[in-house]
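Trainee: Before we start, I would like to go through this structure term by term. Please set each name against its definition.

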Amino acid sequence: MAQPAGSEGDDVKIVPNHKVSELISDTISSVNSELACLFDSQSLKLVANAISSNQSKILELRSRGIKLRCVTEITQANIGECKEIMKHFDLFHSSHLAGSFLIADRREYIAYLVDE
C-alpha cells in the first residue's frame, strides 16, 4: 500500500501471494468512508472469497453508509462470484479489464499483481 509522496509514513509493502487475502481483510476492517475496487475476471474469485470471509465487517460498513463499489468484467464464467459481490457492493461491468486493485478512503491503494 502506498500514500502520496511527501506524506508522513510513505509506505510501500510487498506481500507474498498467500498474504493478499489477509491484507484485503485488514483493509476492509479499516475503511471509514468508501471502498472501491477493480478486479479483472481472473482475480474476481479473490474478492468474492474476501467478501465471504469478512461478511460481518462488510455488513457493518454498509449499515454505516460506507460506499462499496466494484468494477469487473461480468461473464458467464464468473456470474456466481458477481452475484456474491452484488449482495454487498455496487457492481459495474467493463469489458477487457487487466489488473486488480482496491482503493480505501481515497488514501490506501492495494494492487494485486500476478506472475504468470
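Mentor: β4 and β5 form a hairpin with three residues between them. Aspartate 105 in the turn has a positive phi of about 55°. This is a predicted model: local features need pLDDT of at least 70, side-chain atom pairs count only at 80 or more, and totals for chains, interfaces and linings use all residues. Residues are numbered from 1 along each chain as its sequence is written, and side-chain values use heavy atoms, without hydrogens and water.

Trainee: Why are β4 and β5 said to pair?

Mentor: Strands (DSSP runs of E, at least two residues, numbered from the N terminus) pair if DSSP finds at least two bridges between them. β4 and β5 have five bridges, in the antiparallel sense, so they pair. Serine 100 stands opposite tyrosine 112 in β5, and leucine 102 stands opposite isoleucine 110.

Trainee: What makes β5 an edge strand?

Mentor: The open sheet runs β3-β2-β1-β4-β5, with mixed pairing. β5 pairs on one side only, as does β3 (90–93).

Trainee: Which residues make up the two faces of β5?

Mentor: Glu108, Ile110 and Tyr112 are on the covered face, Tyr109 and Ala111 on the uncovered one. In a regular strand the side chains alternate between the two faces of the sheet.

Trainee: How do you know that Leucine 35 touches Phe89?

Mentor: Contact means heavy atoms within 4.5 Å. Leucine 35 touches residues including Phe89, Leu102 and Ile103, not counting those up to four places away in sequence.

Note on methods. Helix = DSSP H or I, 4+ residues; strand = E, 2+ residues; numbered from the N terminus. Buried < 20%, exposed > 50% of the residue type's maximum accessible area, 1.4 Å probe, protein only.
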